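Trainee: I have just opened this structure and would like a friendly walk through it. Could we take it one question at a time?

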Amino acid sequence: MEEKKKYTPKEESPDYGLTGDDCRPFSEDAGIRRLQNAFGEALGDLPLPEETREAWTAFSQRQEQKKRQAYRRIWLSGGMAAAIALLLILWSPWNKSDSTAPDIKIFAALNVPEQVTTQEKNGRIIVSTPPTTIINLTLEDGTHVLLSANSRLEYPKEFTPQNKRIVNLTGEARFEVAKDSLRPFIVSTGDIQTQVLGTVFDVNAYPCNTPTVTLYRGRVQVAKTDSSHRKEISPGQSATLETNGDIVVSKATQTEKEGWTDNEFYFDNTKMMQVLQSLGTWYNISVICHSPNLLQKRIHFRFSRNVSVESLLDALNDLGIAHFQYKNGQIMVY
């Protein structure tokens, strides 16, 4: 019996679904190969099952490799577009100006009590206030003091007849000083001293803030503690101690009946720096500014202080000047 010759078909790729040289249209050579396969079937010269599996595995591997190459080309082209888009975002004007600028801490939360505390030590009284709290005090000489939130006032239990009336303030307070021509009244804040005989004025001297004295009635003299540099101001004026040590006199931004003593945030063409300081000192919350160029912007804003910090920030966001966010116990400004 004549031994049948084993027929091994020539390996070929389908004429569809591929690219390049493997994607040729039907040709005469392809037709001949198909006829040879047909004759091989008729003669019984078909490949063995193992050979068929090996041929199919090799074909599948080539197909997978072609797919991966196609996906890689797509990914590279899409990735390049994404990279260009990212560069455009990073170098856009609003990011370019602040991307390298450091964050600025406008106010750092203070270590203050959770409620009003009063202590007496060596003949002096110390009163401290918690956040969002304003209290009234009357000193031994009849002077009235309105002490703001997160503030500390230290004063003698009794003023001596011959000496000056000296009190120490950290924070913010309004003084309505009882007249006494023989005993000047002095408010010491560490950086500046304010001396009067009888008048109404505000002193703002929180840590991290620029000390400011605002006069409503009478006359005061503002002096730098460690020098002879001093200036007198008139009603409707403010004196501010600048970082270079100069005392600068300017027009007051509010009247006696406006602002914190009326339980309002009152800002009339006020710089954002001062606005942020006011938020921090009232709520005793640290304030971080991520956009230093915002600090010189001016704002017109009037709102009750008797609201939560979240409600206040929502109102400020409605202005569209900056984005305010209360996050991780801090006020963040973008």
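Trainee: How does Arg217 count by its relative accessibility?
Mentor: Let's start with the scale: buried means under 20% relative accessible area, exposed over 50%, and partly exposed in between (1.4 Å probe, protein chains only). Arg217 has 40% relative accessibility, so this residue counts as partly exposed.
Mentor: Before we go on, this is a predicted model, where local features need pLDDT of at least 70, side-chain atom pairs count only at pLDDT 80 or more, and totals for chains, interfaces and linings use all residues. Residues are numbered from 1 along each chain as its sequence is written, and side-chain values use heavy atoms, leaving out hydrogens and water.

Trainee: Which residue forms a salt bridge with Arg217?
Mentor: A salt bridge is a side-chain nitrogen of Lys or Arg within 4 Å of a carboxyl oxygen of Asp or Glu. For Arg217, the closest N and O atoms of the pair are 2.9 Å apart, and the partner is Glu256.

Trainee: How many residues apart in sequence are the parts that this pair ties together?
Mentor: Helices (H or I, at least four residues) and strands (E, at least two) are DSSP runs, numbered from the N terminus. Arg217 lies in strand β11 (residues 212-217) and Glu256 in the loop between β15 (247-251) and β16 (264-271), so the parts tied together are apart in sequence by 39 residues.

Trainee: Are Asp180 and Arg183 buried or exposed?
Mentor: These two form a salt bridge of their own, with the closest N and O atoms 2.8 Å apart. As for their surroundings, both Asp180 and Arg183 are buried.

Trainee: Which side chain of opposite charge is nearest to Arg305?
Mentor: Lys and Arg count as positive and Asp and Glu as negative, while His and the chain ends are not counted. Arg305 sits in the loop between β18 (298-304) and α5 (309-317). Arg305 is buried yet has no salt bridge; at 5.2 Å away, the nearest side chain of opposite charge is Glu172.

Trainee: Which strand gives the most to the largest nonpolar core?
Mentor: A nonpolar core is a set of buried Ala, Val, Leu, Ile, Met, Phe, Trp, Tyr and Cys residues joined through side-chain atoms within 4.5 Å. The largest has 30 residues, and Leu153 and Phe175 are among those with the most contacts inside it. With four residues, the strand that gives the most to this core is β7 (residues 165-176).
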